[in-house]
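Reader: Please take a close look at the ligand site. I would like to know which residues surround the ligand and where the site lies.

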Amino acid sequence: MMQETDVLIIGGGLTGLTLNYLLRKAGYAALILEARDRLGGRIWTKTTTEGVKIDMGATWLGQKHTHLVQLLQELKLPVFQQRLGTKALFEQHQQDTAQIVPLPPNNEPSYRIQGGTSALIQALARHLPDEAVLLDTPGEKIHAKADGVYTFSGALTIKSKVVVSTLPPSLLSHRIELQPALPVALIRLMQQTHTWMGESIKAGVAYAQPFWREHGHTGTAFSHTGPFTELYDHTDAEEEHFALKGFLRNDMANLSAPDRKRLVEGQLLKFFGQPALEYASYEETVWPMEPYTYAPYEHAVLPHQNNGHAMYRKPYWNGRLFLAGSETADAFPGYMEGAVRSAEWVYQALSKSPAR
Ligand SMILES: Cc1cc2nc3c(=O)[nH]c(=O)nc-3n(C[C@H](O)[C@H](O)[C@H](O)COP(=O)(O)OP(=O)(O)OC[C@H]3O[C@@H](n4cnc5c(N)ncnc54)[C@H](O)[C@@H]3O)c2cc1C
C-alpha cells in the first residue's frame, strides 16, 4: 500500500504533535507515523480505575520554559504548583529510620499541567485529523530517491517531499535504516546522544485519602537506598484524587515487577506506616523496557551527553531529512521545552524550504 504526503513526521510525541500543530495553523498538511498504539511518547498519564491520573513520564515544568509556557497558554491549559512542603523524609541507610529534614526555600517552583501532562498531548491531538496519523506503524526504513523520500513500515510505503524524525537520535540510529547513509560523524554522534530519562523508572501509588498529611508528612522523600530515590505528593490540582509518585532506582529494572512492588511496599511502610499499604492502585513504567523510547548504547553515555549538538540543526539529504526531537534542541534539550523548541525550529526551516 502506498500513501503520499508533503511532510512526514516520524513520532507522535510532543515534538511531532507540536510541529503538526504549527504546520496546520499555517495551512500546511502533514502525516504522523507513530510506532505505539498511543500518542505522547515520553509523556504518558495513566488513569487508574479510581480515576487517579499518574504522570509516568514528563511531569514538571518551570517559568524558565518560556516556549512551553507560551504553548500551554495558547492551548488554554492551566498549570499548578507542585506541592513540596517545608520538610521531607530522608533515608540515608536502609537499616536506619528515615529522618525528617527541612527543605530549603524553593526559589524555582515546579509546576504540573492540570489533568496530567497528557492533557497537552490531547490538546495538540485535537489539531490532528484522524486520517493524518497512523498508530501502531513503526518506521523501519527511509530511502531518499530522486523523486521523493520513501518511508517503509511493513507493507506500507509513504512517499513524501520531506521527512522529519522526532525519535531520540540514539533510537533513530538503532531502529531505522537510512539510505543514503548519513555522514559517519553524525551517525556516531547519534549513537552517543543520551536519551533523557531513558533509563528511569517511575512508580505511582494511588490512595483514597492523603493519609500522609494527617500524619504530618508532606509526601516529599529522598532516599540513598531506594527503591524510591525521590518521592512526591502527586495529588491533582482539584485536591480530589490522591497519589504519591516518584523515581525508582534505575537498577530496579533488573527485578521482576512483583519483586519491585514488594520493595516499594516495604519502603512505603517504613516511611509512612501501615496506612501506606492500604493503597487503591500501583502503577509503574520501566522506561528502559520501552522499545520505542530506549535502545541500549554501545558505549556508556553521560546524562545529556551530546544533547543539543549543532549538527542537529541543519537538514540532511538536500533539505529533505530533519533530525528533530527534544534531544536535538539548542536550549533545554531532553525536556518538554526542548521538544517545543525543536518543533519550532523545524517549522521555521520548513517555512523557508523549497523542498516542502
Ligand atoms: C520518566 C520521565 C520523566 C520525565 N520528566 C520530565 C519532566 O518532569 N519535565 C520535562 O520537561 N521533561 C521530562 N521528561 C522528558 C520529556 O518527556 C521529553 O523531553 C519529551 O516528552 C520528548 O518529546 P519528543 O517528542 O521529542 O520525544 P518522544 O516523546 O520520545 O517521542 C518520540 C515518538 O516517536 C515514536 N517512535 C519511536 N520509534 C518510532 C518508529 N520507529 N516509528 C515511528 N514512531 C516511533 C515514539 O513512540 C514516540 O511517540 C521525562 C521523561 C521521562 C521518560
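Author: A residue counts as near the ligand if one of its heavy atoms lies within 4 Å of it. This is a predicted model, in which local features need pLDDT of at least 70 and side-chain atom pairs pLDDT 80 or more, while totals for chains, interfaces and linings use all residues. Numbering starts from 1 along each chain as its sequence is written, and side-chain values use heavy atoms, with hydrogens and water left out.

There are 37 residues around the ligand, of which Thr15, Glu34, Arg42, Trp60 and Gly334 come nearest. By type, the shell holds 20 nonpolar, 14 polar and 3 charged residues. Here Ala, Val, Leu, Ile, Met, Phe, Trp, Tyr, Cys and Pro count as nonpolar, Asp, Glu, Lys and Arg as charged, and the others, Gly among them, as polar.

Some polar backbone atoms lie within the limit for a polar contact, a pair of N or O atoms within 3.5 Å. A ligand nitrogen is 3.2 Å from such an atom of Ala35. A ligand oxygen is 3.4 Å from one of Gly41, and an oxygen of the ligand is 2.9 Å from one of Met336. The protein covers 98% of the 1,000 Å² of accessible area that the ligand has on its own, by the Shrake-Rupley method with a 1.4 Å probe.

Helix H1 (14-25) and helix H8 (336-352) are the elements that give two or more residues to this shell; helices are DSSP runs (H or I) of at least four residues, numbered from the N terminus.

Domain 1 (1-44 + 117-195 + 301-356) and domain 2 (48-65 + 79-114 + 199-292) both contribute residues to the shell, so the ligand lies between them. The domain bounds come from an automatic or database assignment.

Terms used. A polar contact is a pair of N or O atoms within 3.5 Å; within protein, one must be able to donate a hydrogen and the other to accept it, and residues adjacent in sequence count only if both atoms are side-chain atoms.
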